[in-house]
Amino acid sequence: MTTKLDTAWMQTHALAAGFDACGIVRAEKFPELARTEEWLAKGYAGEMKYLSDPRRTDPQSAMPQIRSVIVCALNYNTAFPKSVDTRDAVNAAEARGWISRYAWGSDYHDVLREKLEQLCAALRGACDESFEARIYADTGPIQERVFAKYAGVGWLGKNTLLLNQKLGSLFFLGVILTTLELEPTLANAEAAPPDLCGSCRKCLDACPTNAFPEPYVLNASRCIAYLTIELRGSIPEDFREAMGNHVFGCDICQDVCPWNRRAPQTASPEFQPRSFPPVKIDDTESQTALPRAPKLNDDAGNTEGAIDSLLHPRLEWLASMDESEYQRVFRGSPVKRAKWRGMVRNACIALGNSRPAPGTLSDRRIRELLERLSASTDPVIAESAHWALSRIQ
């Protein structure tokens, strides 16, 4: 291996590939990895069976002869308002949902992978010896945030996410596992970035479902992100009201974090909110025959400038999608992980929490839509719609 392949070289080429931070760490079994079994035994993973993969606790089993892990961070924070800043004002006029910020644009897995491949190609071009390398863009049995901590990228916050003093926490992590013996960013584990959360509890106290049994521990089975994305059946009733208008993921614990107040913003088009022209409706169509995607209008019937977007999407639009439209709208989007059934289920729960003003056009449309969905042959959708109807009635 040539001597120029040190941490400085790696960081320079990571920045050239479009990343915002980079670090190198030896592939060791760090203390946080050893706590995985206890966390799983408490049932905190919910139905996410893939988290029980034994390779997640030992990097040597994730890749034979692995020596080093290159960790890269990619900022996805945009200039748009946070979920906690706008949810009440937006819902006052029309029932709208919240999709987690990271899922507004292109699928981050693809964006990360492309940049990691570029960095890996640069590494191969500069290296004098043959080596093996494996890329994971949040797709493999690796706890990226743990390796990121010991690679000097940040510290693990009380909400269990990685925090960086300059970037905050609104960034993706991708890794390159390699058999190369690279110079680590930090001299030893003790040199990892200090915990700068201090006495702050904003993330813990803001969680509406009380998903943090204690600081630095997440009970994922109570997390809104898990409930709206990973859970395949009905959402437990105890959590439905607390979900508010969330239909995919949750940003609350990050949006209240002081370290994200001045976090840099990206202008990268991949992470800007997708928008769509609304489906046109025949004006002669009956109100009771609710269309799949009604036009965006107010109670006066105004439709000028109508548009659908993944930033504060209309709940009626999401709940009335059929599977083909769902596939079209969310092609190349991380939202597709929720599946069509999950999205309609989530939109129903959010509609039940929206409480439209009685007698308004929006109220009538929502009731008609939920009545139709309560007769669905899918038991999860039907039950969710029935619950929502009981709430607004």
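This passage describes a sheet, the helices packed on it and the cysteines of a predicted model.

Four strands form an open sheet. Their order is β1-β2-β7-β4, and the pairing is antiparallel. The edge strands are β1, residues 21-26, and β4, residues 133-136. Each of these two pairs on one side only. On average, neighbouring strands of the sheet are turned by 20° against each other, direction ignored.

At one edge of the sheet, β4 pairs with β7. Strand β7 spans residues 171-178. The two strands run in the antiparallel sense and share four bridges. Within this pairing, Arg-134 stands opposite Leu-177 of β7.

Two helices were examined against the sheet. Helix α1, residues 7-16, packs on the sheet and touches β1 and β2. Strand β2 covers residues 68-75. The direction of α1 makes about 140° with that of β1. Helix α6 comprises residues 108-126. Helix α6 lies across β2, β4 and β7. Its course is at about 40° to β7.

Helix α1 has a buried side and an exposed one. Its buried residues are Thr-7, Trp-9, Met-10 and Ala-14. Seen down the helix axis, these residues fall within an arc of 160°, so they line one face of α1. The buried residues pack against β1 and β2 of the sheet, and also against helix α6. The face turned away from the buried side carries Leu-15 and Ala-16, both exposed. After α1 comes Gly-18. The phi of Gly-18 is positive, near 110°.

The cysteines were examined next. A disulfide is a covalent bond between the sulfur atoms of two cysteines. The count of disulfides in this model is zero, with the cut-off for a sulfur pair set at 2.5 Å. Cys-203 is in no disulfide. The nearest cysteine sulfur to that of Cys-203 belongs to Cys-253 and is 6.2 Å away. Because a disulfide requires sulfur atoms within 2.5 Å, this distance of 6.2 Å leaves Cys-203 and Cys-253 unpaired with each other.

Burial was assessed for two cysteines. Cys-203 has a relative accessibility of 10%. Buried means under 20%, so Cys-203 counts as buried. Cys-348 has a relative accessibility of 0% and therefore also counts as buried.

Terms used
Residues numbered from 1 in each chain as written. Predicted model: local features only at pLDDT ≥ 70, side-chain atom pairs only at ≥ 80, totals over all residues. Heavy atoms only, no water. Buried < 20%, exposed > 50% of the residue type's maximum accessible area, 1.4 Å probe, protein only. Pairing = 2+ DSSP bridges. Axes fitted to C-alpha atoms, helices over the stretch in contact; angles between N-to-C directions. Contact = heavy atoms within 4.5 Å. Arc of directions from axis to C-beta.
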